[in-house]
Amino acid sequence: MRTLTVIVIDGTVFAAVLFLISIGLTLIFGVLRILNIAHGGIYAFGAYLATFLALRLLGIGGSPYLTYLMLLAGPIVVGLIAGPLIERVFLQRVYGRAEAIQLLLTFSIFLILDDLMKLIWGTQPLFVSEPYTLLGEFTITGIRYSWYQVVLIGVSILFGGSLVWAVRGTRYGKIVVAVINDREISQAIGINVNRVYMVSFTLGAFCAALGGALIAPTIAVVPGFAVDATVLAFAVIAIGGMGSLEGAALGALIVGLIRAMAVHLLPEADLVVIYLVMILVLVARPQGLFGQVELRRI
Amino acid sequence: MPDAILQAVDVTKSFGMVKAADGISVEIRAGELVGIVGANGSGKTTFLNLTTGYLKPDRGRVVFMGRDCTGLPPRVITKLGIARSFQIPQLYTNLTVLESLLLAMAAQAGKGTGCWQPLYRAEWTTEGLQTLDRFGLRPYARRPVSELPEGGRKLLDIALSFALRPKLLLMDEPTSGVSIEDKFQVMDTLMKVIDENRLTTIFVEHDMEVVQRYGRRVLAFNDGQVIADGAPDAVLADPEVRKAVLGRA
Amino acid sequence: MRARLPWEGVVGAALLVAVPFVLPDWMKFIVTLAMAKFMAVLAVALFLRANQVTFGHAMFYAVGAYTVGFGVKWFGVRDVVLLLPLGAILGAAAGALIGLVMARYREVFFAMLNLAFSMMLYGALLKLYWLTAGTDGLSAGVPLFLGYAPARDHLRDFLYYATLLAVAIVIYAVYRFLASPLGFYLKAMGDNEIRIEYSGESVRRVMYLTYVLSGALAAIGGVLAAFIVGHIVPEYSFWIQSGEFVFVALLGGYASVVGPLVGSIAFEFIRTYASKYFPNEWQMVLGIIMLAIILFRPGGLWAIYEAIAARFARKESEVQGA
């Protein structure tokens, strides 16, 4: 029973972070129809920058409470720079070209980002624990939890909720949905599709960076954790349905719980289990749980 | 009395609230040359999609040469003898015109997945070039498909279907996108090939003139139903048909 | 695919045959390894023709390598002539198995599912220490050639020529494959699947058969690489290895059979120099070059060569025609 609780809590925390990364990935895919392989790199970049800024802040004697600001500032900077930069300078040049080329483009950006982080911050792990430890811990049934984990889940739900509201409820959100559903018609009725692309990509990048920044205080930031994040995020949206916001939430929950189960029950197989689940879901339902089958009109 | 080649029996298909096909029942007999007319959205292309397996009907049966084909995928239905051309030509943009045709011929010969003998083999190449000749595409044989003009794209699309030696040929708007001057030229070319091979043919057309001139039987579609069926003159003069298709009596 | 064999093929073949006599040992090693890896790159290139990327073909490369590893460790078999076809068969079998799932997918899913399978294999190779010795790896030992054990000085050359022979056979086989209906259907698949289905052919079958072939090709590369490098580790199945294969296919140009070979040789030399001058930024270098190719010269090195050759031919005919 106790293991079960631990698994559920751990899984939910992990799902919260996964959700933040995946929602950006699924948004980008839904709007631009491109799988952003560099997404994991942006996630890691957000983690690095936020941690770095927080450490600097503490270094110059800043209040530990301000580190939370850095956890927000880092992703904003990353999103606002990486977003338009990658989309306008690189992605834009391959719209309309073969999908294979588009995938390879985001893959090469990933390679560059991965080494860029090594170049800027070296290979030593970066760790800022203040945001995590400041909030303290509490105990339930003898197991210690951190308030930070609760905050993490809360932020994730809040964020996801506001994004869904923004997409469904606001005017701009409806424009984005229009572009997702039919690019040509949207253009025909005067929607600035290019701007929607850039905004969507930037927003997606911000989400990824935010996910990285939020998880950074719980683990040490090291080179190489970008890859895992990319593959996991893909597993999440593949299971949930590419381009579906609800799918990202459900997929994140499923993958998070499965990973928690694997970590606690069968640590040898943790990534393998997730890949296996992804394969099984896709075999059973190729479009994912919330995805739609698209039949080309002929 | 020639046998029925294709039978649609109460074929129905809805997309949400829209009934794209509403209890369609028709019989096409061997050797017929049938034109299908109807306004946009009347269900013409849907009918082609249903009979070739691209869509599955919600209700009803499609029978080809006495065999129930309902729900079979396009690949199987094509192998049974129905070939189809498209409103928007479905072509291999990065291959040459001749290569596209050779691939169709290879498929027809059951050698589509052969992996050792070349595609460019003597018998096929000769026949392929002859076919291109018949369709007026010979000059483009070694050019990439992307270089074809609009009318040529249509003709190639039809030639690819024709190369499958079908028993029933379905053409979706063979002259749409073709300039007015070329329309009749294209149809004359097609009709010659069709007559020479005595192919049973159904063609969907927007242009009344084309239908009148070339069709020997006309089906008028409206709102997913067949509202008229008979000789071209009679059907196209029918006021109900004119109202539905042209918007005026 | 027109017969490009005329004089370039002859010159190229002559150059490759001359290598062991002309180049220093360390360069020989690079070229030999490049030729082995070329097979795996070719496997990736096949799918690139159909507009599909696979981020997981390193798994078949690993299958080939570990065929050697297990062959040597458990059965004491070190003969190249035996292990090469065995590796090819195992690679094809793996392709046949995984292809059952893979053949239904395209584009994003195809790329990532291949990645998933390859990383699963990587995980298994890593964790099953009692079987694979994990990261310590297995040793390939000294290869035999039909029972013959060459003298130490000649071993490298023997391996070189064995690899060259394999390359020649593979090039011929793949050339025929690409000129066949299946090869053309593969290319057509990247253009229009609907037309293929409406011709009565099955796209899934085209994918599946190609997948099986690609598995065999990559595995052959793995067998040779195992002997050339001498050491077999789980990294043979890692995503970075798959990424390198994809990169080389792009670098050399995947539209031809020879492009990947040119790319592979170029790549191994680039890597040797880069690891000397940019040891920490290797991925970034790859990424930048890849970007440059995608944005400016998607046809890769071979396309650049063809453009130059065409310009030469035109200049010549202009001179002659005048």
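Me: How many residues of chain B are in contact with residues of chain C?
Reply: This is a predicted model, in which local features need pLDDT of at least 70 and side-chain atom pairs count only at pLDDT 80 or more, while totals for chains, interfaces and linings use all residues. Residues are numbered from 1 along each chain as its sequence is written, chains are lettered from A and ligands are numbered from 1, both in the order in which they are written. Two residues are in contact if their C-beta atoms, placed from the backbone, lie within 7 Å. On the chain C side 24 residues take part, and on the chain B side the count is 26.

Me: Which element of chain B gives the most residues to the side that touches chain C?
Reply: Helices (H or I, at least four residues) and strands (E, at least two) are DSSP runs, numbered from the N terminus. The elements of chain B that give two or more residues to this side are helix 2 (74-80) and helix 3 (97-108). With five residues, the element that gives the most is helix 3 of chain B.

Me: How many residues on the side of chain B that touches chain C are charged?
Reply: Ala, Val, Leu, Ile, Met, Phe, Trp, Tyr, Cys and Pro count as nonpolar, Asp, Glu, Lys and Arg as charged, and the others, Gly among them, as polar. On this side of chain B, 13 residues are nonpolar and eight are polar, and the number of charged ones is five.

Me: How far apart are the C-alpha centres of the two domains of chain B?
Reply: Domain bounds come from an automatic or database domain assignment. Domain 1 of chain B covers 4-91 + 166-246, and domain 2 covers 93-147. The distance between their C-alpha centres is 27 Å.

Me: What is the average angle between neighbouring strands of the six-stranded sheet in chain B, direction ignored?
Reply: Two strands pair if DSSP finds at least two bridges between them. The sheet is open and mixed, with strand order 6-7-8-3-9-10, and its edge strands are strand 6 (82-85) and strand 10 (225-230), each paired on one side only. Axes are lines fitted to C-alpha atoms, for helices over the stretch in contact, and angles run from 0 to 180 degrees between N-to-C directions. With direction ignored, the average turn between neighbouring strands of this sheet is 20°.

Me: Which residue of strand 10 in chain B is the bridge partner of B:Ala220?
Reply: Strand 9 (residues 217-222) of chain B pairs with strand 3 (residues 33-38) in the parallel sense over five bridges, and there B:Ala220 stands opposite B:Val37. Strand 9 is also joined to strand 10 by five bridges, in the antiparallel sense. In strand 10, the bridge partner of B:Ala220 is B:Ala228.

Me: Which residue takes a positive phi in the hairpin of strand 9 and strand 10 of chain B?
Reply: Two residues lie between the strands of this hairpin. The phi in question is near 50°, and the residue is B:Asp223.

Me: Which residue of strand 2 in chain B stands opposite B:Val11?
Reply: Chain B also has an open antiparallel sheet of four strands in the order 2-1-4-5. Strand 2 (18-29) and strand 5 (67-68) are its edge strands. Strand 1 (residues 4-15) and strand 2 run antiparallel and share eight bridges. Opposite B:Val11 stands B:Ile24.

Me: Is B:Met65 buried, partly exposed or exposed?
Reply: B:Met65 lies in the loop between strand 4 (59-64) and strand 5 of chain B, and its phi is positive, near 50°. A residue is buried if 20 or more other C-beta atoms lie within 10 Å of its own, exposed if 12 or fewer, and partly exposed in between, with C-beta atoms placed from the backbone. B:Met65 has 16 such neighbours, so it is partly exposed.

Me: What radius of gyration does chain A have?
Reply: Chain A has twelve helices and two strands. The radius of gyration is taken over C-alpha atoms, and the globule rule is 2.2 Å times the number of residues to the power 0.38. For 298 residues the rule gives 19 Å, and chain A is as compact as a globular protein of that length because its own value is close to this, at 19 Å.

Me: What share of the residues in chain C is buried?
Reply: Chain C has 14 helices and two strands. Its radius of gyration of 20 Å agrees with that of a compact globule of 322 residues, which would be near 20 Å. Of these 322 residues, the buried share is 53%.
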